[in-house]
Amino acid sequence: MHLWFVHPDGIRPHDGSELGALLERTDGFVWIDMPADDPEAERVLVEVVHAHPLVVAACRQRNHVPTVHGYADHVFVVLHSPYAGNAGHVHLLELDQLVGRRYLVTVHGPINPVVDPAEAVRETAAVRSRIERGTLRPGSPAELSHAIGSAVVRSQRGLVSAVAEGLPELEQAAMAGDFRRPEELLERLFLVRHELITVRTMAAQSHEIYARIRSLDRVVPEAERAFASDLAEQFDRLRSLADGESHFLFGVIDLYQTRVTTKMTVAMERLAVIAAVTLPVTALASIYGMNVIVNDSTHVVQLVLVLAVMAAVSGLLLRWTKKQAWW
């Protein structure tokens, strides 16, 4: 567990034993940051900030969708930050927040063992660094929570930007017309689409969460609802950006799939032409071949007649397939 006291002059770390005294001070507020598996996490939530049992349970387990609960003395918010893993998989890094009048508790939810633990704290670490540099001076836990939420927006926007940077290359590959191994490009396109859909879903859900906080006028003061309104707008804009990139990517995928399908259709038509031309030849050869050409003598008249029939049938079939625009 990490404990800081945020005051007008900056931020100062403290020992956990000082938590009770820090909560009594009026010249700043307390910021408690801890992972979900911290032995002190449950004690602090229950005994110090008197969190609801449902909040304690939510901080202890993984929550797959963002949520918000308003209580008399604090608001509980669950957000997710994206982390792009291998093979197009996007990890959801959970960040739980208890926003009170005198404190902010941030709990980093359980993470996949393959994810670097440093990735789970990148938003809180970035905000703390801004406070230490003096570029951010939060005057309340709600304002600090707003800064952390904005950092989550930047993380989500970063993944959208990374996808947008790679889209021109994918578009060029789709337009190049190399269909020898289409499954490789299609897999890349669908993995990128998965990343975009994931971020878009996260932004949309987060927007709904902060839109809900705007309506909690009974437990959230008007000044704090303004922070929620700003975050709701940020997430809504991010959703719009992700939608725009998704539409562009879907267009590229549709174009490439259409070209691949057309190429396969043309190939099947050509194979049908070959089959149509060779089928009567094969049929006639199977009937006359062993009877017309023999070891002792050759029936020249029949041989010429059969070859003429083969050529005529093949010519007629070629002419018919040409009229059908198969080649």
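A salt bridge is taken here as a side-chain nitrogen of Lys or Arg within 4 Å of a carboxyl oxygen of Asp or Glu. The model is predicted, so local features need pLDDT of at least 70 and side-chain atom pairs count only at pLDDT 80 or more, whereas totals for chains, interfaces and linings use all residues. Residues are numbered from 1 along each chain as its sequence is written, and side-chain values use heavy atoms, with hydrogens and water left out.

## Salt bridges

Searching the whole structure yields 12 salt bridges. Three of them are listed below.

| Pair | Closest N to O distance |
|---|---|
| Glu-40 and Arg-43 | 2.8 Å |
| Glu-224 and Arg-101 | 3.7 Å |
| Arg-128 and Glu-132 | 3.9 Å |

Accessibility is given in three classes: buried means under 20% relative accessible area, exposed over 50%, and partly exposed in between, with a 1.4 Å probe and protein chains only. Helices (H or I, at least four residues) and strands (E, at least two) are DSSP runs numbered from the N terminus.

Arg-128 and Glu-132 both belong to helix H5 (residues 122–133), where they are four residues apart, about one turn of the helix. An α-helix has 3.6 residues a turn, so residues three or four places apart point the same way. Arg-128 is partly exposed at 22% relative accessible area, while Glu-132 is exposed at 54%.

The salt bridge of Glu-224 and Arg-101 joins other elements. Glu-224 is in helix H8 (residues 222–292) and Arg-101 is in the loop between strand S6 (90–100) and strand S7 (103–108), so the pair ties together parts that are 123 residues apart in sequence. Glu-224 is buried, with a relative accessibility of 18%, and Arg-101 is partly exposed, with 36%.

Glu-40 and Arg-43 also take part in a network of salt bridges that includes Glu-47. Glu-40 is partly exposed at 32% relative accessible area, and Arg-43 is partly exposed at 32% relative accessibility.

## Aromatic and charge–ring contacts

Rings of Phe, Tyr and Trp (its six-membered ring) pair if their centres lie within 6.5 Å; planes under 30 degrees apart count as stacked, over 60 as edge-to-face and the rest as tilted. Two aromatic pairs are found in the whole structure. In one of them, the ring centres of Trp-4 and Trp-31 are 5.1 Å apart and the planes stand at 50 degrees, so the pair is tilted. This pair links distant parts of the chain, since Trp-4 is in strand S1 (residues 2–7) and Trp-31 in strand S3 (residues 29–35), 27 residues apart. Trp-4 and Trp-31 are both buried.

Tyr-210 and Phe-235 make a stacked pair, with 5.9 Å from centre to centre and 10 degrees between the planes. Here too distant parts of the chain are linked: Tyr-210 is in helix H7 (residues 182–214) and Phe-235 in helix H8, 25 residues apart. Both Tyr-210 and Phe-235 are buried.

A charge sits over a ring if NZ of Lys or CZ of Arg is within 6 Å of the ring centre and within 35 degrees of the ring normal. The charged end of Arg-25 is placed in this way over the ring of Phe-5, 4.0 Å from its centre.

## Nonpolar core

A nonpolar core is a set of buried Ala, Val, Leu, Ile, Met, Phe, Trp, Tyr and Cys residues joined through side-chain atoms within 4.5 Å. The largest such core has 37 residues, and the members that touch the most others are Val-77, Leu-189, Tyr-210, Ile-213, Leu-249 and Tyr-256. Two or more residues come from each of strand S5 (74–84), H6, H7 and H8. H8 gives the largest share, 11 residues.

## Helix H6 and the loop at His-50

Helix H6 (residues 141–176) has 36 residues and spans 53 Å from its first C-alpha to its last, close to the 52 Å expected at 1.5 Å a residue; the expected span is 1.5 Å times one less than the number of residues. The helix bends by about 30 degrees at Leu-167, with a proline, Pro-168, following within four residues. The bend is the angle between axes fitted to the seven residues ending at a residue and the seven starting there.

His-50 is in the loop between helix H2 (41–48) and helix H3 (53–60). Its phi is near 55 degrees, a positive value in a residue other than glycine. Most residues other than glycine have a negative phi. His-50 is exposed, at 54% relative accessibility.
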